[in-house]
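Grab the model and work through these exercises one at a time. Try each task yourself before you read the solution under it.

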Number of protein chains: 2
Amino acid sequence: MKHPPLVETLIEAFTCLPGVGPRSAQRMTYALLERGREQGRELAGALQAAMDGVSHCERCRNYAERTNAEQNLCAICLDPRRDSSLICIVSSPANVLAVEQSGEFRGHYFVLMGELSPLDGVGPRELGLDVLEQRLRDGEIRELILATGTTVEGEATAHYILDLAREAGVSVTRIAQGVPMGGDLEFVDGATLAQALRARRPFAD
Amino acid sequence: MKHPPLVETLIEAFTCLPGVGPRSAQRMTYALLERGREQGRELAGALQAAMDGVSHCERCRNYAERTNAEQNLCAICLDPRRDSSLICIVSSPANVLAVEQSGEFRGHYFVLMGELSPLDGVGPRELGLDVLEQRLRDGEIRELILATGTTVEGEATAHYILDLAREAGVSVTRIAQGVPMGGDLEFVDGATLAQALRARRPFAD
Ligand SMILES: [Zn+2]
Ligand SMILES: [Zn+2]
């Protein structure tokens, strides 16, 4: 004897979420069925809308909503007041938010959506580095600011991008060490990040 | 600058789930957008179907799917091989599964969907105890087996139901409390061990 199929199916579906095991999935299902049917319907709608409507900016790879425009661009890439010759490289959309909250940066981003990790099948192409390489060659970019993580993967990614930029003759800086070692950018407070950006230095190995 | 609205809305919607704060909600959203769009759509569908299609058995209050039948009954209440004069009282559908998995019980259930907690606005009516009282008076029930929790709320609930059953002249038993089978004594908490000692019985093979 189990739960009714609709209940079992929902519990099973919740386990696709990171950090959610069978017990949490059951607790979530019960909570929505008992006290949150309307919230459950809202979550269903938000999920469906996001899965169908969220795409990636063709310029910087950050999240962008699908539009009917010829090119799918995010709000930052579309903002004419921002400096498109200055590109901050980050590994995730959360890191874009963190840098934005520092209030210190008015350039554009390039969002890797990950870091180099050959064992997990994440190579340069998966991070869009072929696209970045082409943009570096186009001559529009004046400076790359590296703001990838300080983990082993983050370092490897930074060095790979440094090589690309050197070949294209584009100068590369890196946000100052002041960011805690081994930490993720999204856990750094805005003031620290602002300072790290101001104190950026030429990057070399 | 924030995420695109569809992304923000999904992150916000995830925080309605128990144990999910803004950071987990963001991790869930990213995971589905990056590696699980199809799973995200399945979760949306499962949510919508469960929110709309899951009801409560009119007899025992356990989960049951909405049907076109005159009375909405769960699979256990509909099973003619089960003894409807023996009712096991539990506080949640998960506890029904636990008792079913013991393979020891072939009666019916009454699922409180909670325990008495006046400060949280959970009184007898919220637990369906008015319905249970009516069923006790109808004379069909021979024995109530209390399997509510052993917390303060569980005890209060058990005593409230004991009074209802006494007034209706229905006998009440309670599942034995003691040391779990197959466990080592050193992992058993003091309160359980004390109860197990108080409830000791003559030993014979
Ligand atoms: Zn963009
Ligand atoms: Zn039932």
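**Exercise 1. Work out how many residues each chain brings to the contact between chain A and chain B, and how much area is buried there.**

Step 1: count the residues. Chain A puts in 54 residues and chain B puts in 53 residues, where contact means heavy atoms within 4.5 Å.

Step 2: get the area. About 5,000 Å² is buried between chain A and chain B, with carbon and sulfur atoms giving 71% of that. Buried area here is the accessible area (1.4 Å probe) that two parts lose on being put together, summed over both.

Before going on, some ground rules: this is a predicted model, where local features need pLDDT of at least 70 and side-chain atom pairs count only at pLDDT 80 or more, while totals for chains, interfaces and linings use all residues. Residues are numbered from 1 along each chain as its sequence is written, chains are lettered from A and ligands numbered from 1 in the order in which they are written, and side-chain values use heavy atoms, leaving out hydrogens and water.

**Exercise 2. Find the polar pairs across the interface, then say which elements of chain A supply the side that touches chain B.**

Step 1: look for salt bridges, meaning a side-chain nitrogen of Lys or Arg within 4 Å of a carboxyl oxygen of Asp or Glu. The rule finds two across the interface of chain A and chain B. One pairs the side chains of A:Asp52 and B:Arg41, at 2.7 Å from N to O.

Step 2: count polar contacts. Between chain A and chain B there are 14 residue pairs in polar contact, both residues at pLDDT 80 or more. A polar contact is a pair of N or O atoms within 3.5 Å; within protein, one must be able to donate a hydrogen and the other to accept it, and residues adjacent in sequence count only if both atoms are side-chain atoms.

Step 3: assign the elements. At least two residues each come from α1 (5–14), α2 (22–35), α3 (37–53), β1 (54–56), β2 (63–65), α4 (75–78) and α5 (93–102) of chain A. Helices (H or I, at least four residues) and strands (E, at least two) are DSSP runs, numbered from the N terminus. The largest share, 14 residues, belongs to α3(A).

Step 4: sort by type. The side of chain A that touches chain B has 34 nonpolar, 10 polar and 10 charged residues. For this sorting, Ala, Val, Leu, Ile, Met, Phe, Trp, Tyr, Cys and Pro count as nonpolar, Asp, Glu, Lys and Arg as charged, and the others, Gly among them, as polar.

**Exercise 3. Describe the pairing of B:Glu100 with B:Arg82 and say what it ties together.**

Step 1: check the distance. B:Glu100 and B:Arg82 form a salt bridge, with the closest N and O atoms 2.8 Å apart.

Step 2: place the partners. B:Glu100 sits in helix α5 of chain B and B:Arg82 in the loop between α4 (75–78) and β3 (83–90) of chain B, so the pair ties together parts that are 18 residues apart in sequence.

Step 3: check burial. Both B:Glu100 and B:Arg82 are buried, and B:Glu100 has 15% relative accessibility. Buried means under 20% relative accessible area, exposed over 50%, partly exposed in between (1.4 Å probe, protein chains only).

**Exercise 4. Is A:Arg137 buried or exposed, and which residue does A:Arg137 pair with in a salt bridge?**

Step 1: find the partner. A:Arg137 pairs with A:Glu133, their closest N and O atoms being 3.0 Å apart.

Step 2: place them. Both lie in helix α6 (residues 129–137) of chain A, four residues apart, about one turn of the helix.

Step 3: check accessibility. A:Arg137 is exposed at 56%, while A:Glu133 is partly exposed at 24%.

**Exercise 5. Locate A:Val90 and list what A:Val90 touches beyond its sequence neighbours.**

Step 1: A:Val90 is in strand β3 (residues 83–90) of chain A, and A:Val90 is buried, with 0% relative accessible area.

Step 2: leaving out residues up to four places away in sequence, A:Val90 touches residues including A:Asn95, A:Tyr109, A:Phe110, A:Ala147 and A:Leu185.
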